[in-house]
Amino acid sequence: MFLSLVLLGLCICFIILQLRPRRPKNFPPGPPVLPILGNLLHLNPQNPLEDLEKLRKSYGNVYSLFLGPKPIVVINGVKAMKEAMVIKAAEFAGRPQDTIVNDVFDVKGVILADYGTSWREHRRFALMTLRNFGLGKKSMEDRIHDEIQHTIKTLDESIGRTLCPQVMFHNVASNIICQVLFGTRYEYDDEFVTTIIQCVTEITKIFNGPWAMLYDCLPFIRNLPLPFNKAFKNIKRSSDLVLRLLNEHKNTRTPGEPRDFLDCYLDEMEKKAEDSSFSEDKLIFTALDLLFAGTDTTSNTLLTAFLYLMNHPHIQEQCQQEIDQVLEGKDQACFDDRHQMPYMQAVIHESQRIANTVSLSIFHCTTKDTELAGYSIPKGMMIVQNLSTVLKEEGQWKYPHEFNPDNFLNDQGEFVKPDAFIPFSAGPRMCLGEGLARMELFLIMVTLLRKFKFIWPEDAGKPDYTPIFGVTLTPKPYPMKVQHRL
Ligand code: HEM
C-alpha cells in the first residue's frame, strides 16, 4: 500500500514537472519556472516594477518570464529597446490578440489592432485628422486655451483654500480630447463623462487585477460568471454612449464640412470603397481609444509636474521668470514660444521622465520569427517594453534618480533631448497623440504658472512621490494651494 502511494506520488510529480513550461533553445534567459503558475510568484501584482528591475539585474536587458504557461519577453534599456522598436520595427509592431484586453475590446480601433492594413489606415487617418484640427477655422491651440480658461476659473475660486487637483487636471485633458472627437466639452457632473470615467476606472482595475491574469493564463475559465465579466459590461456601456453621439452626428452633419473627428470619419467612410476597413463599429472604438489614451496619460503627467514643482519652489520660480520674460506684453502663450523657453521645456520633459506615465508601454507582439540581442524570439511572442528602465537608465542621464531639469540642459543652458527620452515609446507603434500631448503640456503649464503660484500646504506633511501602479502610473491624491501672481 505504502509503496503504491509513493509510486503514485512520484508519477504525479513527474507529470507536473513535465507540465512545467520550458524555454525554447536560445530563448532569452529568466528565473526558474513553476508548473501551472510559471513566474507569477516573482511579480507583485500590485506593482511589479521593482520585481522587474530585480530580474533585469539578474538576467540582463532582454529576459523572459512565464505568466502561467504563457511566455513573454521583457525588453529593458535604450539599446535593446531601439534594436526592437526602431531597427526591427515591423517585426516587433504586432499586438497580442489572446488577452482579456483584446477580448473586452472585441472591435479594434488603433491601439489594440494587430499590425496590418486596418491598423495602418486607422492610425494614418487619426494622425492626419489630429493634425488638420490645427489648420481648421479654430486651431488646436485655441481649443486648448479655451479649455484652460475653465481650469483658471477653478483655480480662481480656490484662492486661499486647499484643493485636490486630480479632478481639475482630468477634466482639462478629457475635455480637450472630447472637443476634438465630438466637438463638445462636458461639465464634470455630465452623465456622459461620469459614466465613461466610471467605466474606465472599473475596466483598468480589472485589467490590473488578479482576475485578468487568471483569464489570460487559464482559457477554460473565460466563459464562467467571474468578476472579469464586469469589464465586458463596462465596455458595452461606453460604446453605447459613443454610438448615441454618432447617431446624433449622422442626423446633424453636413457632408464635406466636418465639425470634429466623428464627422471626418463619416466623410472618409463615404469616400472609401465598400471593402475598406472603415466602419461605424471601428469608428466607435477608435474614438474610445483616443479618449482613453488621451486622458489619464496627460492628466497624470500634469499631476506629477505640479507635485514636483510645489516641492521644488526654486524650479517653479525659475520657470516663472522665463515665462514672464518671453511673454512680456503678450496676451497668451503659443506653442512656438517653446523655442524661446529652454528651461520650461527642460522642466516639462523632466516631469514626463519622472512621471514615467505609461511605464510598461502597451504590450507588443512579434509578427515573425526574429532575433533580439542575439536571442531567438518566435513569431507571436508577447513583448513588454519596460520604459522605466530607459527613462532612468544609468549612463543615459546626468541625474537618473532625481527630479532635475539639468537632465535636459547643456552647459550653455540650451534645451537638449537625450536619445533615452522615450515616454511615448518609439517605432511604428509610438504614441500617435504625442503632438497633441506636447502642445497641451506646454500651453497648460505655461499659462497656469504665469498666473498662479502653486504651494505645497504647510499641514500636508512630506510629499509621497510613489505613484499608484496601473496601465498608467498615477500620483497618490495630494493637496494644493494657489496664490495669484500678477
Ligand atoms: C503625456 C501623454 C502621453 C503619453 C506619455 C503617451 C504614451 C503612449 C505610449 C507609451 C504608447 C504605446 C506605444 C507603443 O505601443 O509602442 C501610446 C500609444 C498610443 N497613444 Fe499615447 N500617450 C500620451 C498621450 C496621448 C494622447 C493625448 C492621445 C490621443 C490623442 C494618445 C493616443 C495614443 C494611441 C492611439 C496609441 C496607440 C498607437 C498605436 O497602437 O499605433 N496618447 N501612448
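Helix axes are taken here as lines fitted to C-alpha atoms over the stretch in contact, and the angles between them run from 0 to 180 degrees between N-to-C directions. On this basis, in what is a predicted model, helix α12 (residues 280-311) and helix α14 (residues 342-355) pack at an angle of about 110 degrees, their axes lying 9 Å apart. Because angles of 65 to 115 degrees count as roughly perpendicular, α12 is placed roughly perpendicular to α14. The contact is made by N300, T301, T304, A305 and Y308 on the side of α12, which meet S351, Q352, I354 and A355 of α14. By residue class, this contact of α12 with α14 comprises four nonpolar and five polar residues and no charged ones.

The chain beyond α14 continues into the loop between α14 and β4, where N356 is found. Phi of N356 is near 50 degrees, a positive value in a residue other than glycine. N356 is buried, since 22 other C-beta atoms lie within 10 Å, and 20 or more are required for that class. A second residue that has a positive phi although it is not a glycine is N26, with a value of about 60 degrees. N26 is located in the loop between α1 (2-19) and α2 (49-59), and with 10 other C-beta atoms within 10 Å it is classed as exposed, the limit for that class being 12 or fewer.

Two open sheets are described next. Strands of a sheet pair through backbone hydrogen bonds, in either the parallel or the antiparallel sense. In one sheet, four strands are arranged in the order β1-β2-β7-β4, with mixed pairing, and the edge positions are taken by β1 (62-67) and β4 (364-365), each of which pairs on one side only. Within this sheet, strand β2 (residues 70-75) and strand β7 (residues 382-385) are paired in the parallel sense over four bridges. V73 stands opposite I383 in β7, while V74 has V384 of β7 as its bridge partner. The pairing of β4 with β7, by contrast, is antiparallel and consists of two bridges. H364 has I383 in β7 as its bridge partner, and I383 also stands opposite V73.

The other open sheet has three strands in the order β3-β9-β8, and its pairing is antiparallel. Its edges are formed by β3 (162-163) and β8 (452-455), each with a single partner strand, so that one side of each is left without a neighbour in the sheet. β8 pairs with strand β9 (residues 480-484) in the antiparallel sense over four bridges; F452 stands opposite H484 in β9, and F454 stands opposite V482 in β9. In a regular strand the side chains alternate between the two faces of the sheet. For β8, the covered face carries F452 and F454, whereas the uncovered face carries K453 and I455. F452 and F454, both on the covered face of β8, are thus described together with their positions opposite H484 and V482.

Two further loop residues were examined. Q97 is placed in the loop between α3 (78-87) and α4 (100-104) and counts as partly exposed, because 14 C-beta neighbours lie inside 10 Å, a number between the limits of 12 or fewer for exposed and 20 or more for buried residues. When residues up to four places away in sequence are not counted, Q97 touches N102 and D114. The C-alpha atoms of Q97 and M382 are separated by 9.4 Å, although these residues are 285 residues apart along the chain; residue 382 also falls within strand β7 (residues 382-385), the parallel partner of β2.

C431 is a position at which UniProt, in an unreviewed entry, places the feature "binding site". C431 is situated in the loop between α15 (388-391) and α16 (434-451). In the model, C431 counts as buried because it has 20 C-beta neighbours inside 10 Å, and 20 or more suffice for that class. The contacts of C431 include F424 and S425, residues up to four places away in sequence not being counted.

Terms used. Residues are numbered from 1 along each chain as its sequence is written. This is a predicted model: local features need pLDDT of at least 70, side-chain atom pairs count only at pLDDT 80 or more; totals for chains, interfaces and linings use all residues. Angles under 35 degrees count as roughly parallel, over 145 as roughly antiparallel, 65 to 115 as roughly perpendicular and the rest as oblique. Two residues are in contact if their C-beta atoms, placed from the backbone, lie within 7 Å. Ala, Val, Leu, Ile, Met, Phe, Trp, Tyr, Cys and Pro count as nonpolar, Asp, Glu, Lys and Arg as charged, and the others, Gly among them, as polar. Two strands pair if DSSP finds at least two bridges between them. UniProt positions are given in the numbering used here, feature names are shortened, and annotations may be inferred rather than shown by experiment.
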